[in-house]
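Subject: Structure for you to look at

Hello,

Here is the structure I promised to hand over. Please open it first, then read my notes below with the view beside you.

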Amino acid sequence: MTPLFEVAVIGAGISGLGTAITLREAGITDFVVLEKADSVGGVWRDNTYPGCAVDIPSIAYSYSFAPHDDWSRKFAPQPEILSYLRETADRFGVGEHLRLGVEVFEASWDEPQRCWVLDTSDGEIRARSLVAAAGPWHEPSLPDIDGLDSFPGPVFHTSRWDHEVDLTGQRVAIVGTGASAIQVVPSIAEQVAELHVLQRTPQWVVPKMEPSPSRLARRLGVHRLRWVHEFNRRREELILELTNIAFNHRWGQAAFKWVGRQNIHAAIDDPALRTALTPEWSVGCKRLLMSSDYYPALARPNVSVVSTGLSAVRGNTLIGEDNSKTDVDVVIMATGFKILDMPIAGRVRGSDGRSLSEHWDGSPQAYLGTTVPGFPNLYIIFGPNVSAVASGFLIVESQLQQVVQALAHLRRSGAVSLEVRPHVMRQFNNDVQAALQSTVYNSGGCRSYYFDKNGRNGFSWPWSARRLRRMTARFDPTDYIVT
Ligand SMILES: Cc1cc2nc3c(=O)[nH]c(=O)nc-3n(C[C@H](O)[C@H](O)[C@H](O)COP(=O)(O)OP(=O)(O)OC[C@H]3O[C@@H](n4cnc5c(N)ncnc54)[C@H](O)[C@@H]3O)c2cc1C
């Protein structure tokens with residue numbers, strides 16, 4: 001029989017790497033990290049599109065235990081974040097646990113042995129506990145568009161950017177106006193002959209304030225002082241908390257809408273285009289976007305906004321839902337990711353042999369976004385309803401507090417498995433859903449990817465990030481069936 005690891009981790013993005021480092025710090029070294037790609041980094045390895053950058057200040061979008069002082073910008077570009085992740089993984093000795101190029105096809109709970117059995121591209125691996133850190137922003141969501149397959153030119157998703165395609169002088173369409181699109185548009189607008197932005201729904205976009213640190217402060221290295229760094233990080237976290245409060249407050253809404261409209265008015269003169277770009281729903285109902293160069297790019301003479309979704313493709317012609325026709329040479333799909341129907345859920349099978357997807361039946365639920373009844377010793381990072389208005393790193397580190405305490409409890413008690421009690425998860429989810437009702441996510445008047453196919457918000461955390469940290473810090477063994 002294959003050897004039994006204490007823990008197996010699926011994925012080596014910020015969640016998988018963070019898990020590995022946290023396990024080591026907790027004295028757990030008998031674990032393996034399985035990553036199907038040939039390098040670490042996850043999202044920040046895959047998304048190499050022009051203009052890709054974080055939209056949470058980098059001082060907060062980094063591990064609290066691995067502060068980095070030398071970001072070139074307040075919102076670091078993708079290559080810098082990827083370097084940071086690689087260097088941090090090396091510095092904390094993750095390499096010895098890492099198996100690159102190993103895909104997990106299926107993970108099944110073996111009831112008699114009380115362990116996870118993983119069917120991988122490198123053979124069978126067994127582990128007592130399993131951390132699914134495979135990322136909800138991993139698998140592109142590609143709408144099924146009639147005729148798109150036979151489009152004669154290149155078609156690619158933003159997260160699978162085809163760097164072989166030279167866009168110079170081409171007629172390009174970008175489908176979607178979400179977080180990736182608003183970064184791509186200004187980055188390629190000057191290079192292409194024509195850029196057609198297919199917008200089904202407009203988004204709220206506020207300016208991306210990026211003050212460069214004063215040269216004197218940099219020379220003196222003030223930002224490297226530990227307490228200055230910590231103060232700056234806390235300040236950014238506080239601003240995010242206040243943003244969350246503002247989303248859900250009448251005056252905060254009014255202020256954000258004013259800023260969003262000013263951002264449009266400063267760049268766009270055409271009243272019809274201004275109207276087309278102004279959302280009718282509340283700010284924060286969908287992810288708030290930040291850019292100071294998106295609207296100026298839309299105002300360029302070679303850029304047009306086509307206010308419709310893509311309905312069909314005939315040869316080089318894109319046909320909109322409003323029957324409009326646009327001829328292009330290249331199609332870029334900025335259509336987001338399979339977030340709530342995350343692919344890893346179809347590959348993890350619990351004690352009754354059903355997969356997480358089957359178990360959830362379209363509506364993902366977990367206790368603190370992490371543990372699920374019927375799936376002993378399974379911990380999901382970025383599971384359902386943990387997405388607070390906060391840095392992804394804060395969310396990962398919060399969840400890892402639960403994971404490490406659960407693993408420590410197993411060790412201390414000599415037990416072999418922990419499984420959250422169904423009523424604990426049910427009560428938690430009832431509270432989450434009740435609290436969500438009055439939030440801007442549920443009542444802001446938009447249709448967002450936060451909602452699953454059954455119309456339930458399985459994405460958002462309804463409270464503050466502070467509360468997420470506090471609730472995940474508390475581990476109560478009585479919440480679990482301990483075997
Ligand atoms: C373009 C973009 C910009 C973003 N910007 C922000 C931002 O500004 N702020 C913010 O807070 N969040 C942002 N996010 C969200 C971001 O995804 C998270 O913050 C975080 O990067 C997720 O990390 P992860 O490790 O959970 O997942 P990922 O980074 O997706 O990593 C998952 C890893 O698992 C591997 N994997 C998947 N399935 C398997 C399998 N079956 N077997 C083996 N390996 C597997 C994948 O190859 C991947 O390396 C952004 C997302 C995108 C796509």
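I will begin with helix α4. Its buried residues are covered by several elements, among them β8 (171-175), β9 (194-198) and β10 (205-206). The cover also includes β11 (289-290), α9 (294-298) and β16 (330-333). Please keep in mind that this is a predicted model.

How many of the 8 residues of α4 are buried? The count is 6, so the helix, residues 181-188, is largely enclosed by the rest of the structure. The buried ones are A181, I182, Q183, V184, V185 and I188.

**The chain as a whole**

The chain has 14 helices and 20 strands. It has 483 residues, and 55% of them count as buried. A compact globule with that number of residues would have a radius of gyration near 23 Å. The chain has 23 Å, so the two agree. Along the principal axes, the C-alpha trace spans about 70 × 55 × 45 Å.

The accessible surface is about 20,900 Å². Carbon and sulfur atoms account for 52% of that surface. Now the contacts between residues at least 6 apart in sequence. Of these, 71% join residues at least 24 apart.

**The ligand**

This part may interest you at the bench. The ligand is surrounded by 35 residues. S15, E35, V43, D55 and Y61 are the closest. By class, the shell has 19 nonpolar, 9 polar and 7 charged residues.

Which elements each supply at least two residues of the shell? They are α1 (14-25), β2 (31-35) and α2 (43-46). The one that gives the most is α2, with 3 residues.

Three backbone contacts are worth displaying. A polar backbone atom of V43 is 2.8 Å from an oxygen atom of the ligand. A polar backbone atom of G392 is also 2.8 Å from a ligand oxygen atom. For K36, the partner is a nitrogen atom of the ligand, and a backbone N or O atom of K36 lies 3.1 Å from it. On its own, the ligand has 980 Å² of accessible area, and the protein covers 95% of this.

**Two asparagines with positive phi**

Most residues other than glycine have a negative phi. N377 has a positive one, near 55°. N377 sits in the loop between α10 (356-360) and β18 (378-380). Is N377 buried or exposed? Its relative accessibility is 1%, so N377 counts as buried.

N385 also has a positive phi, near 55°. The loop that holds N385 runs between β18 and α11 (392-413). N385 has 1% relative accessibility, so it counts as buried.

**A buried glutamine in a loop**

Look next at Q199. It lies in the loop between β9 and β10. Buried means under 20% relative accessible area. Q199 is at 3%, so it counts as buried.

What is Q199 in contact with, leaving aside neighbours within four places in sequence? The list is T177, A276, L277, V305, V306, S307 and T308.

**Two helix residues to locate**

R426 is in helix α12, residues 422-436. With a relative accessible area of 48%, R426 is partly exposed. R426 and A366 are 60 residues apart in sequence. In space, their C-alpha atoms are 8.5 Å apart.

A267 belongs to helix α7, residues 250-267. Not counting residues up to four places away in sequence, A267 touches Y295, P296 and A299. G458 is 191 residues from A267 in sequence. Their C-alpha atoms are 36 Å apart in space.

**Where to look**

For a quick tour, start at α4, which is largely enclosed by the rest of the structure. Go on to the ligand, where the protein covers 95% of the accessible area that the ligand has on its own. Then find N377 and N385, each with a phi near 55°. Finish at Q199, in the loop between β9 and β10.

Best wishes

Terms used
Residues numbered from 1 in each chain as written. Predicted model: local features only at pLDDT ≥ 70, side-chain atom pairs only at ≥ 80, totals over all residues. Heavy atoms only, no water. Near = heavy atom within 4 Å. Polar contact = N/O pair within 3.5 Å; in protein donor to acceptor, adjacent residues only side chain to side chain. Areas by Shrake-Rupley, 256 points an atom, 1.4 Å probe, with all protein chains shown as cover. Helix = DSSP H or I, 4+ residues; strand = E, 2+ residues; numbered from the N terminus. Nonpolar A, V, L, I, M, F, W, Y, C, P; charged D, E, K, R; others polar. Rg over C-alpha atoms; globule rule 2.2 N^0.38 Å. Buried < 20%, exposed > 50% of the residue type's maximum accessible area, 1.4 Å probe, protein only. Contact = heavy atoms within 4.5 Å.
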